[in-house]
Amino acid sequence: MSIDWIDQKEPQSRSYDDLLAYFGVTPPPDDTVLGEHIGRKRRKWRSYESGRNKKKGRPQATRVLERIQQIAEALQRNVPLPDEAVIFDDEQLSATLVPLDELWEHIDGLLQQGDLDGALDVARQGRAAYQDSWIPLAVYGYAIHVGVEAGQIAQPALIADGLRSLEEALRQEPGQQVLWESTGSLLDGLGRDDELVDLARRATGALGAAPPSLVGRRAKVLLRKGDVEEGLKDAVRSFSGAPDDLALRGVVTEAIVTHALLPMLPLNSGRQLQRYTEAVTVAAWCAYGVPEAENLVRPHRLWAAKAGTRLFAGSDGMRTLLAVCTLFLSLLPHNILSAKPAWKILHNGPEEGWRFRQVMGSSSVIEAHLGRMRQFPWSAAIEATM
Amino acid sequence: MSERVVGIDLGTTNSVVAFVNDTGVAEAIPDEDGARITPSAVQLQADGDPVVGALARQMAVVEPDRVAQAFKRGMGERTFLPDERAFTVDGKTWSPEELSAVVLKKLRQVAERHFGESVTKAVITVPAYFGDAERKATIAAGEIAGLDVLSIINEPTAAAIAHGLDSGGETGLVLVFDLGGGTLDVTVMEVSTGGALNVRSTGGDHQFGGVDFDQMILDRMDETVRDEAGAALSENPYALQDAKAKAEEIKKELSTKASSTRPLTGAGRPVMFTLTRGEFEQMLADHLAEIDDHVLHAIEEAGLTPQQIDTVLMVGGSARIPAFRERLQKLVGKEPQFTRNLDEDVARGAALMAAKTSNTADPRSQLARMPAPVDVASHGLGVTTSRSQNPVDLYNSLLIPAGTPVPARQEETFLTMHDGQRQLLLTLNEGDSDDLDLVQELGESVGDFRKPVGRNHPVRVVVEYTDQQLIRASAFDGETSEFLCNIEVKPEGVIDDEAKRQAMRYLSKIDVG
């Protein structure tokens with residue numbers, strides 16, 4: 001005997017016969033068999049309710065259990081079915097294939113509701129149904145890109161699948177900016193730096209100019225690889241192209257600080273100070289209006305402003321003696337000749353005496369050098385004496 | 001001298017470690033204070049090593065944010081907290097398997113102090129209801145604690161082994177009703193001559209157990225305190241924690257007494273709280289109906305009727321509640337039996353299995369002669385396929401149904417849907433329903449055909465359930481037998497190798513208090 005009825009979620013209609021068929025019983029019903037079947041169906045759905053399902057499975061099973069209860073009471077005790085207990089299979093509605101021209105909008109809606117699983121399901125269905133179109137390939141890759149950006153997708157196989165889908169969509173429709181952006185995001189997620197740089201080059205060829213988010217990602221790659229000059233140029237291009245994209249500016253600022261500014265510290269030459277100041281200017285420009293990014297750059301701005309300041313670093317006793325002996329005529333030239341820029345005093349370390357302590361006393365100097373203190377030539381000696 | 005092996009019952013509320021002594025009897029190992037049951041609670045101190053056990057549970061009142069309990073309910077997932085927040089202490093996020101590893105490390109220490117030698121091999125029990133993710137997480141927890149996990153076995157199977165060997169060879173169909181702190185496991189098994197155990201079906205609810213009954217009593221306490229003192233228990237964390245402990249005491253006491261009374265604190269003054277057994281049973285009434293469903297469902301899944309069950313065996317601390325015993329007796333028509341020790345028998349059964357698996361049991365003993373138990377797949381395994389050319393018509397095509405004896409291997413040939421198809425998406429699901437919403441997706445993988453294939457091109461899919469109840473799935477080109485892809489099941493909650501190595505390094509250095 002077939003027991004397909006046990007998995008049926010809703011009766012076909014409110015008719016008496018269909019309500020009986022819901023429990024695998026035909027008229028005239030045998031009360032004992034009906035009771036047994038009701039119990040059996042309830043127990044099956046109870047196991048779905050308490051089993052390991054997708055998150056949406058459990059509430060669905062709970063709804064079916066309520067429905068079983070209502071229909072059982074209607075059949076066994078003539079309790080009227082509540083109006084809302086009809087019945088027509090809303091699950092079927094949601095399983096209707098989304099028309100091609102509504103696919104983007106539909107997926108976008110699901111993603112905005114946070115239903116990534118649903119978006120991927122619909123995209124997969126679209127990919128299988130509309131094989132001649134680039135759109136389902138694109139929406140599938142786009143949904144995976146959103147999942148990666150939100151930290152909900154980390155499986156390399158799935159990301160690679162999204163990437164293949166996007167590459168195929170790009171081959172068919174290279175004029176769509178969003179495809180280049182999504183592809184860049186997935187390459188970034190997989191850490192495939194060289195392919196990302198190549199993608200930006202191809203996007204420039206196809207669109208005339210690469211999308212700002214892709215340029216921003218390339219900036220990150222270049223900076224990470226140590227190509228500071230080109231990285232900074234890309235950073236400027238990216239936020240010039242999308243000044244309102246605060247997230248992009250935050251990411252690019254962080255990349256500049258991590259991969260350009262910090263490796264330049266500690267400063268060891270005037271030329272280095274100049275390069276540092278230029279990079280700080282770019283970072284500050286990039287961070288403008290993004291509070292977290294501004295906080296990240298602030299100590300570097302303060303240090304860049306202060307590092308070039310010349311401070312008297314000679315002997316105070318000698319300066320006083322000379323000043324008195326020369327009726328203070330030597331004071332100005334002596335001050336100039338004995339002054340050093342703050343970066344040099346910091347670089348020379350404790351041998352500069354109280355001037356060093358004065359420079360080091362600034363919290364912005366310490367913050368700017370976080371993680372770089374061990375790079376000073378004097379740091380090992382200090383650690384050894386501790 | 002042979003290497004020491006132990007059996008561990010890693011429970012939601014309590015854990016026990018046991019071994020088989022020189023006379024072949026399995027016994028629980030006491031800790032330095034003589035306690036044979038270790039509460040599964042972990043306190044992560046601000047400075048100092050983690051503390052496990054009764055002290056940690058007591059410290060929950062003082063430092064609720066530093067004490068983790070009932071984390072077994074989140075095994076295989078990122079977190080165990082009901083609101084899905086991560087459990088983070090001092091900036092470090094602790095996964096359920098890392099916390100379980102701390103408990104296992106404690107149990108390992110207990111065993112090592114008892115024997116005066118190193119213990120590295122163990123059999124760990126899990127609820128029969130556990131799926132692949134939870135089983136893998138349990139093995140990972142054992143490895144982090146420095147244990148070589150010989151095998152993981154189902155708790156009801158372990159209990160039946162302990163009971164069977166104690167009671168001396170009853171045969172027939174046994175219904176094991178295991179109601180512990182956090183899970184209800186219902187298992188139907190067949191015991192044959194010579195002690196052979198074959199699991200026929202499993203069922204239950206992995207979010208239902210003693211802690212839920214404690215919560216019901218706690219809710220009633222809260223109502224009483226609100227009525228009499230005009231304040232909620234939750235307003236004072238100390239009063240709340242005190243009430244939690246008393247709720248558990250009352251629950252236990254009502255198994256032997258008609259009523260139980262405890263003083264509570266509300267708005268700074270004492271409030272007496274009394275609960276009768278009748279009131280408690282009324283609170284359980286809704287759940288009793290659910291329990292009926294789980295028991296009957298397991299019996300039906302085994303292809304049996306309640307009248308065919310020969311023995312009802314009750315296991316787990318919450319099985320002491322008389323209402324469950326009476327309900328089972330009414331349902332099955334047999335007087336339920338209890339294992340010798342409801343709290344320790346799962347660990348004892350695991351110890352017997354550990355001795356048998358490691359060949360350390362006396363070869364003349366009944367244990368050594370007993371055939372290895374045959375478990376069944378607790379959940380079905382299937383792959384996502386389409387019933388037609390309509391791509392929305394996807395369903396779970398079941399290859400290995402729940403109840404199939406493990407190890408199991410099943411293969412089936414499917415057909416491609418489209419002309420010029422270049423790729424295949426293999427999705428493995430855990431669950432029996434054909435509805436994809438009612439199953440758990442274990443993983444997916446994409447395979448590339450060497451060259452585009454036509455519609456109705458055969459693809460052979462193989463799904464395996466190993467004797468460790470671990471899962472593998474592979475797809476092959478049906479014409480060329482060329483490998484296309486396989487599923488590497490990587491549940492989201494199971495920590496990655498680097499995190500596992502770090503956790504192992506950390507735990508190897510500390511002495512759990």
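Helices and strands are here DSSP runs, numbered from the N terminus, a strand having at least two residues. The model to which the exercises refer is predicted.

**Exercise 1. Find the cis peptide bonds that precede B:P407 and A:P28, and place both prolines among the helices and strands.**

Solution. Begin in chain B, where B:P407 lies in the loop that runs between strand β20 (394–400) and strand β21 (408–415). The bond that joins B:V406 to B:P407 is cis, and its omega is about 5 degrees. Then turn to chain A, where the peptide bond from A:P27 to A:P28 is cis as well, with omega near -5 degrees. A:P28 sits in the loop between α1 (16–22) and α2 of chain A. As background, most peptide bonds are trans.

**Exercise 2. What is the sign of phi in B:D90 and B:N456, and is each residue buried, partly exposed or exposed?**

Solution. Take B:D90 as the starting point: its phi is near 50 degrees, a positive value in a residue that is not glycine. B:D90 belongs to the loop between β8 (87–89) and β9 (92–94) of chain B, and because its relative accessibility is 55%, B:D90 counts as exposed, the cut-off for that class being over 50%. Next comes B:N456, whose phi is near 65 degrees and therefore also positive, again in a residue other than glycine. The loop between β23 (440–453) and β24 (458–465) of chain B holds B:N456, and a relative accessible area of 44% makes B:N456 partly exposed. For comparison, most residues other than glycine have a negative phi.

**Exercise 3. Describe the contact between chain A and chain B, and say which elements of chain A take part.**

Solution. Count the residues to begin with: chain A gives 33 residues to the contact and chain B gives 36 residues. The area buried between the two chains is about 3,100 Å², with 47% of it on carbon and sulfur atoms. Then look at the pairings, which include six salt bridges between chain A and chain B; one salt bridge is formed by A:R43 with B:E300, whose closest N and O atoms are 2.3 Å apart. On the side of chain A that touches chain B, the elements giving two or more residues are α2 (31–50), α3 (57–77), α6 (116–129) and α8 (156–172). The largest share, nine residues, comes from α2(A). By character, the residues on this side of chain A divide into eight nonpolar, nine polar and 16 charged.

Terms used
Residues numbered from 1 in each chain as written. Chains lettered and ligands numbered in written order. Predicted model: local features only at pLDDT ≥ 70, side-chain atom pairs only at ≥ 80, totals over all residues. Heavy atoms only, no water. Contact = heavy atoms within 4.5 Å. Buried area = accessible area lost by both parts, 1.4 Å probe. Salt bridge = Lys/Arg side-chain N within 4 Å of Asp/Glu carboxyl O. Helix = DSSP H or I, 4+ residues; strand = E, 2+ residues; numbered from the N terminus. Nonpolar A, V, L, I, M, F, W, Y, C, P; charged D, E, K, R; others polar. Buried < 20%, exposed > 50% of the residue type's maximum accessible area, 1.4 Å probe, protein only.
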